[in-house]
Structures are given as structure tokens and as C-alpha cells.
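Hi everyone, thanks for coming along. I have one structure to walk you through this morning, so let me put it up on the screen.

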Amino acid sequence: MMPGSLPASAPMPPTASPAPSFRWRPVLVALLIVLSLLAGLGLRQPNPADEPRFVLAARSMVESGQWLLPHRGIELYAEKPPVFMWLQAGAYGLTRDWTTAFLLPSLLAALLVLWLVRDLGRRLWQPRIGDLAALAVFSTLQFGLMAKRAHIDMVLLAMTTLSLWGLLRHLLQGPYWRGWWLGAFAAGLGTVTKGVGFLPLLVLLPWAVHARLHGRSWQGRAGDGWRWAAALPMFIAGTAVWLLPLALALWRSDDPTLQAYAREILLRQTATRYTAAWHHVQPAWYYLRVIALLWLPGSLLLPALFPGWWRRLRRGDARLWLLLGWSLLVLLFFSVSPGKRELYILPMLPAACLAAAPLLPGLLRRPLQRRLLLGYVVFLALAALVVAFGPWLPRDALRRDLDAHVVQQLKYGLVALGVGLGLIALWARSRRAALGVVLATGLLWSIYGLVFAPALDASSSASGLMKRVGERIGPDAQLGMVAWREQNLLQADRPVTEFGFKADWATQWAKAGPWVAEQPTRRWLFVLRDALPACVDRAQVVAIGQSNRNQWLLVPGTAWHAGCVAKPENAQDAADDNDD
């Protein structure tokens, strides 16, 4: 699976008999990839900002049987369609364990992406190129980060890659009508998973330009018009997985809440969010920085890739015209919008790695590129050791209120990572630098999943905080929440009375005050410190701890001044919603 001495276009000698170690290497590397991505599955809880809200919605679906409209507590969750939550709920139906189920869709989607990239590279070039493309995707930092997180974007990546797989097989190797229709359907399904799922269809633009300039793209035959046109109903069928039941619900009901939900998710969270983003505003060049940092180590090779790409584009290589042309269109699409997040350009990654793969065998024979990759592994090793023994770990532990046992676990993990990466670098040296990067990536995500994430779980997921809350108020007390975060509701050890998530704090207190006053000796309020009003006897308030950079309080019912109108000292219109 790693580059050898033959150029990318040269076939393997028919009489060559690979050495036993070479025959086993692809199997061992594939096993490393699978195990490193799965490492830590079931060992941590959902972490903010996005994971707890998705799990809350999925859990609500399972418990209520209401699958069409996702809920966050008592409110409808209208920021994202429910497809990803359906997958999490389905995974729970198989595993009966939320700590496993919430990550399973992302992990399976990551493995699907790697298989699709490998298969497409093998079909468009040769087996070794497919292997290199898949390894390039796996070795990219952003891919591993998203594979280890329960975000919509890894599932979206699987859908956009599946769409490209079908479309490119048809456009470059056609006719392959089933691939054409599958690509359109996957684009529609991706669109109702997250609004930008239609992006693979933009590959038709560079395909048309290439056909006009070079005239060598496959164009089809007379009488195929209906087959081309069938892509539209297939795309619509993909979107109908969610839009059809939503449309039926809107037709059958005049509930204003449902109407408001549809307006929010179909208009404000799509067109308005793209053209007039209200958060995550970044400059136009923002994604160049993302590529330089989060696409390491591949971004180290970009300067050497550009000349080879340019030569092949000038020769009219349709494969690179479509892969690079589509990637550039996606980059421009997201750069135009004022709202930007690093994960938005993730759909570009498989196409960029596929475009790079045919150049890698020759590129990785150059000493400079090998040294760059080796330097990347050495840098990671040194960074892990510096953090382990430097002042940053104790400082961050103090800020996050981590106990000494957790700090020790993190230190051991960093030392193991640093030493392991150092040994890989010593073994790989310059000659096996590419394989060293793959091994280093596997080690990084294995230690992250088995050590770092579990060690930080009690703090990051708020499970430790909510355990202390349950112990403090006792098993028979009733718990309410004001100015809460999704992880607090998710990790509570009992049913919770909450008064809205996006409602302003004054509105929440207007409901919470009378509620706690009904049974003051049994009811408690879990409250963000900044949201505490003057209507509370502060002498009775319990500081229960901090989590996710916030300080939290417990307010007993006896501390509430009946008849008081609550006005928090640090007013806020609504809870922060750092959605993706």
C-alpha cells in the first residue's frame, strides 16, 4: 500500500511474486486503521458543543416515538434535520447503549469514506493509487478528528463521497447509469442530512468545461436523454426521505409551532445562514489556514503537488479536471459565505487526496518530501513530550478543575504518545517516512481514544458535575434547570424540569420561581452562576463546581423569595448555540 520504485503509471510485472511481508502489509495497515478509529468506542460520553444536543434529540425520539421533529428538552430543535439523529437512534436500537451508539454513525461513515476513496482510486488509476489515496485521507488530521466526534459532518462526508463515487464512475468511465442515479440520490440524501449535501452535483461544471476544451470526456449516446434526466427524480427521492413526511405533517396540521419549525430549518438555517451568517464570521482566506493546519501532513506536500497537477491539467487529464475543479468550486462556495467553520470544507478532502495519489509514488521518492513527513512525526513526538513536562498541562488542569489522577493519566498518555512517535520516527527514518506517518496516525488516534478522551470525560461531558449534583440533593429531590446546557440535561441522573433552552433567562426564572416555590423543601434549581437573580438568598446557594468553562450553582427551594420578579444580573437573551 506504500509507494515503491515504480512510477504511478507503470503496471506491476506479471511475473513478480511479492515477498510475504509485502503481502501482509496491506492487511496489517487496514487492521491498524480500523482499530485506531474504533479505539475508545464506548469509553466516553457526548462532549459539547454539538454531541449532547444530537444525543438529546435521538434519545427523545426513542423515548417518545416522535421521529419527525427532533426535540431539545421541551423545545423543538430546528437547527438541523433529523437524519443524523435517526442514525444515532437506530444505532441505539442495535446496541442498547448510548455511549456506543452516539459515535457509531461517524465511525462507520469514516470507514465507508476510506473504502469509497480506495475503490475509486483503483478504478480510475490502479490498485496502488487507490491504496495511497485512502491512506492519505486517513493520515489527515481533520479526518481523524471528525471520525472521533459525533458530528453530522462525517456522515455528510460519507454521503458526498458516495455521490462523487457514482458520478465520477459515470462521467469518467461511463456509461454507468446506476452510478449516475446513485450519485444523485446520495446528493439528495446528503442535502437533508446537512444542507450542503448537493455539492457533488457541481462536478458537472468542470466536466462540461473539460468536454468543451478537450472533447475527450464521455458524452453518452443519442436516446440517453431520459437516463440523464432521471437524476432529478433520484435527487428528489433522496430529499424525500425527510421532506416528504415533513410536507405531509405541514399539510395535515395548522399548528403554528410546526409552521415556525419549518420556516426556521428550511429558510433561516439554510439560505439566511449562508448569505447573512450571524456567527462564525471569518475572512475570505480563512480556509487556506484550515488547509495548512488541519490537512497536515498532506499540506506539507502541496507546493510539490501543484506543478504536477498543472502539467496533467494542461494535457487534459479528465480525472484531475473533475477532482480539482470540483474541489476548487467547493472551496469558493464556502469562502463566499461570511460564516465559516473549519469542518465545512471536509467534503473536499477525499477528492483532493484522490487527485494527489497518482503523483505520490514519484513525489515520495524525493528526499525533501520524505524529510518533511519525517519532520512531522518528530514534531508530534516532541510536542507531546513538551506538553507532558511543561507548564501547560498543570495550568489547563487548574482552569478546568481537573483532579490529580486525571492529570497523571494525561501525562502518562502524552509520554506514551511522544515515546511511541519517537520510536516510529527512528524506525521509519527518511526511507519509510510515508509508512511512518500512517503508523503515527494510528498511534495518535488509538491513544486519544483509549487515554485522553476517557480521562477528560467527566469534565468535558459534565458527567462528573451532574453526579455531584445528584449526590448533593439526594435521591428523593426534584431538579429544575435554568440557563442550562445540553450536556447538563443529558447527564442528569433523574427526570428534570426545565423551562426552555433558547428562552431568555428572565422568562425561564418567571416559570422556575413558582415551580420551586410549590415544594421548596424538595425542589432544587441547577443554575448558571451568571444567571442568578437577586430573588435568591445567596447564603443558601451551593457552589457545586465548574464544567465547560462555566461555574454552576444549586439553589434550594427555600432560598427563593416568593413574589420577587427575577432579573439576572448578567442578562442574556438566549442560550449560546454553537451549532455546526
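I'll start with the sheet, go on to a pair of helices, and finish with a few spots in the loops.

One thing to keep in mind before we begin: this is a predicted model.

So, the sheet. Five strands make up an open sheet, and the order across it is β4-β3-β5-β7-β6, with mixed pairing. The edges belong to β4, residues 496-498, and to β6; each of these has a single partner strand, so one side of each has no neighbour in the sheet. As for twist, neighbouring strands here are turned by 25 degrees against each other on average, direction ignored.

Let's zoom in on β7. How many of its seven residues are buried? Five of the seven are, and β7, which covers residues 550-556, is therefore largely enclosed by the rest of the structure.

Now its two partners. On one hand there is β5, residues 523-528, which runs antiparallel to β7 and is joined to it by five bridges. If you'd like residues to click on, F526 is opposite L554 of β7, and W524 is opposite P556 of β7. On the other hand there is β6, residues 542-547, again antiparallel to β7 and again joined to it by five bridges. Here G545 has W552 of β7 as its bridge partner.

Please look at how β6 turns into β7 as well. The two form a hairpin with two residues between them, and N548 in that turn has a positive phi of about 55 degrees.

As you look along these strands, remember the usual pattern: in a regular strand, side chains alternate between the two faces of the sheet.

The sheet has a helix on it too. Helix α25, residues 505-518, lies across β3, β4 and β5, and runs at about 160 degrees to β5.

Let me move over to the helices. The one I'd like you to find is α17, residues 348-356. Which of its residues are buried? The list reads M348, L349, P350, A351, A352, C353, L354, A355 and A356. That is nine of nine, so α17 is largely enclosed by the rest of the structure.

What does it pack against? One partner is α6, residues 127-139, whose axis comes within 8 Å of the α17 axis and crosses it at roughly 135 degrees. The pair is therefore oblique, and the crossing is right-handed. On the α6 side the contact is made by A133, A136 and V137, and on the α17 side by L349, P350, C353 and L354. By class, that gives seven nonpolar residues, no polar ones and no charged ones.

A general reminder fits here: an α-helix has 3.6 residues a turn, so residues three or four places apart point the same way.

Two more residues belong to this neighbourhood. S327 sits in helix α16, residues 318-336, and counts as buried at 6% relative accessibility. Setting aside residues up to four places away in sequence, S327 touches M348, A351 and A352, which are among the buried residues of α17.

The other is G121, in helix α5, residues 104-124. G121 is buried, with a relative accessible area of 0%. Leaving out neighbours within four places in sequence, its contacts are Q126, I129, G130 and L354. You may recall L354 from the α6 contact a moment ago.

Last stop, the loops. There is a cis peptide bond between G174 and P175, with omega about 5 degrees, and P175 is in the loop between α8 and α9. Another cis bond runs from L296 to P297, with omega near 0 degrees; P297 is in the loop between α14 and α15.

Then we have two residues other than glycine with positive phi. R429 has phi near 50 degrees and lies in the loop between α21 and α22. A483 has phi near 55 degrees and lies in the loop between β3 and α24. Are these two buried or exposed? R429 is exposed, with a relative accessible area of 56%, whereas A483 is buried, at 2%.

That's my tour. Thanks for listening, and I'm happy to go back to any part of it.

Technical notes:
Residues are numbered from 1 along each chain as its sequence is written. This is a predicted model: local features need pLDDT of at least 70, side-chain atom pairs count only at pLDDT 80 or more; totals for chains, interfaces and linings use all residues. Side-chain values use heavy atoms; hydrogens and water are left out. Buried means under 20% relative accessible area, exposed over 50%, partly exposed in between (1.4 Å probe, protein chains only). Helices (H or I, at least four residues) and strands (E, at least two) are DSSP runs, numbered from the N terminus. Two strands pair if DSSP finds at least two bridges between them. Axes are lines fitted to C-alpha atoms, for helices over the stretch in contact, and angles run from 0 to 180 degrees between N-to-C directions. Contact means heavy atoms within 4.5 Å. Angles under 35 degrees count as roughly parallel, over 145 as roughly antiparallel, 65 to 115 as roughly perpendicular and the rest as oblique. A crossing is left-handed if the near helix is turned anticlockwise from the far one by less than a right angle, and right-handed if clockwise. Ala, Val, Leu, Ile, Met, Phe, Trp, Tyr, Cys and Pro count as nonpolar, Asp, Glu, Lys and Arg as charged, and the others, Gly among them, as polar.
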